[in-house]
Amino acid sequence: MDELTVSENKPKQRINVLAVIALGISVVTVAASIYLFVQNSELKSKTNQLSEQIASLSEKNDALQKATDAQTAFNTEQERYRKLTYLTAVAHDIEDGIVTDDFVVNKVRFSWGDDGSLSDVVIDVENQPSLTLAYKSKGAYDLSDRELRAKSDAIIKAVKDYYATGGDNAPAWNDSTSVQLTVQNYSIGKTTNGTFKLVGETK
C-alpha cells in the first residue's frame with residue numbers, strides 16, 4: 001500500500017517541472033517580445049529623427065545651392081559689365097587717337113565670344129589728306145591691291161598694338177579674332193585667321 005502511494009506522487013512532480021519550464025519559457029518569450037518592442041520603438045524614433053535631420057539638411061543644401069547659383073550669375077554679369085566698361089574706355093581712347101600716315105581711326109567696336117576672347121573688331125577709318133585723292137568712293141581706292149593691303153595692315157596693327165597695352169584686363173585679341181576694316185562704313189577688307197584680304201579678294 002505504501003509503494004502505491006509513492007508511485008502516484010512521481011507523475012505529479014514531473015507535471016510540476018514541465019509547468020515551471022513552460023512558465024519560464026513564456027516569461028522569457030514575453031520579456032524578449034517586450035525588449036524587441038522597446039528596441040523597435042527606439043529604432044523608429046531614431047529613424048524619424050534621422051529623416052527629419054536629412055530633410056532639414058536637404059532644405060539647407062537647396063538654399064545654399066540657390067545662393068551659389070545666384071552668386072555665380074552675379075559674378076558672370078559683373079564680369080560682363082567689367083569687360084564692357086573696359087572695352088568702351090579702350091574704344092574711346094582709340095577713336096581719333098590712333099593714326100597712320102594714311103588713316104585716322106574714326107570708330108571702333110569690340111565684341112567678345114563665349115570663350116572670353118575678342119570675337120570681332122570693326123575699325124572704321126577716315127582718310128588722311130595724303131590718301132584723300134586716291135579714294136574713289138564706297139571703299140574703293142585708286143591703288144594697287146598690294147599698296148592698299150599694306151596700308152590696311154598698318155592701321156589694324158596700330159589698333160592691335162594699342163589694345164595690347166591693356167594687359168590681362170583685355171579679352172585676348174588672337175588670330176581667331178575677326179577684324180573688319182571700313183572707311184565711312186564701306187568695307188575695305190577683313191582679317192580672318194590672322195590674314196587680311198580686301199573685298200573681292202579670293203586668294
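**Notebook: loops, sheet, helices and salt bridges**

I began with Lys-138 and located this residue in the loop that connects β3 (135-137) with β4 (140-141). I note at the outset that the structure I consulted is a predicted model.

**Entry 1. Positive phi outside glycine**

I looked up the backbone of Lys-138 and found a positive phi of about 50 degrees, although Lys-138 is not a glycine. I then asked myself whether Lys-138 is buried or exposed. I entered Lys-138 as exposed because its relative accessibility is 60%, and the exposed class begins over 50%.

I turned next to Asn-185, which I found in the loop between β5 and β6. Asn-185 is not a glycine either, and I recorded a positive phi near 70 degrees for it. Its relative accessible area is 66%, so I listed Asn-185 as exposed.

**Entry 2. The open sheet**

In what order do the strands of the open sheet lie? I read the order as β1-β2-β5-β6-β7, which makes five strands with mixed pairing. At the edges I found β1 (103-112) and β7 (195-198), each of which pairs on one side only. I also noted the twist: on average, neighbouring strands of this sheet are turned by 20 degrees against each other, with direction ignored.

I then went through the pairs of strands. β1 and β2 run antiparallel and are joined by nine bridges. Within this pair, I matched Ser-111 with its bridge partner Asp-120 in β2. The hairpin of β1 and β2 has five residues between the strands, and there I found Gly-116 with a positive phi near 90 degrees.

For β2 (residues 118-127) and β5 (residues 178-183), I recorded parallel pairing over six bridges. One position I checked was Val-125, whose bridge partner in β5 is Val-183.

**Entry 3. The β7 edge**

I followed the sheet to β6 and β7, which pair in the antiparallel sense over four bridges. Opposite Leu-198 of β7 I found Gly-189. The hairpin of β6 and β7 has two residues between the strands, and in it Asn-193 takes a positive phi near 55 degrees.

Which residues of β7 lie on the covered face? I assigned Phe-196 and Leu-198 to the covered face, and Thr-195 and Lys-197 to the uncovered one. I kept a general rule beside this entry: side chains in a regular strand alternate between the two faces of the sheet.

**Entry 4. Helix α3 and the salt bridges**

I next examined helix α3 (residues 145-164), which lies across β1, β2, β5, β6 (186-192) and β7. Against β7, I noted that helix α3 runs at about 135 degrees.

How many salt bridges does a search of the whole structure find? I entered two. In one of them, the side chains of Lys-151 and Asp-102 meet at 3.0 Å, N to O. I placed Lys-151 in helix α3 and Asp-102 in the loop between α1 and β1, so this pair ties together parts that are 49 residues apart in sequence. I counted Asp-102 as buried because its relative accessibility is 14%, and the buried class covers values under 20%.

I also recorded a salt bridge between the side chains of Asp-161 and Lys-157, at 2.7 Å, N to O. Both Asp-161 and Lys-157 lie in helix α3, four residues apart, which is about one turn of the helix. Asp-161 has a relative accessibility of 40%, so I listed it as partly exposed. At 51% relative accessibility, Lys-157 went into my list as exposed.

**Entry 5. Helix α1 and a nonpolar patch**

I finished with helix α1 (residues 2-94), in which I located Ile-25. Which residues form the nonpolar surface patch that includes Ile-25? I wrote down Val-17, Leu-18, Ile-21 and Ile-25, with about 390 Å² of accessible area together. I counted Ile-25 as exposed because its relative accessibility is 51%.

I also found Leu-50 in helix α1. At 48% relative accessibility, Leu-50 was entered as partly exposed; I note that the exposed class requires over 50%. From C-alpha to C-alpha, Leu-50 and Ile-25 are 36 Å apart in space, and I recorded their separation in sequence as 25 residues.

Key: Residues are numbered from 1 along each chain as its sequence is written. This is a predicted model: local features need pLDDT of at least 70, side-chain atom pairs count only at pLDDT 80 or more; totals for chains, interfaces and linings use all residues. Side-chain values use heavy atoms; hydrogens and water are left out. Two strands pair if DSSP finds at least two bridges between them. Axes are lines fitted to C-alpha atoms, for helices over the stretch in contact, and angles run from 0 to 180 degrees between N-to-C directions. Contact means heavy atoms within 4.5 Å. Patches are made of residues with over 30% relative accessible area and no salt bridge: like charges are joined within 9 Å, nonpolar side chains (Val, Leu, Ile, Met, Phe, Trp, Tyr) within 5 Å. Accessible areas come from the Shrake-Rupley method with a 1.4 Å probe; for residues, only the protein chains shown count as cover. A salt bridge is a side-chain nitrogen of Lys or Arg within 4 Å of a carboxyl oxygen of Asp or Glu. Buried means under 20% relative accessible area, exposed over 50%, partly exposed in between (1.4 Å probe, protein chains only).
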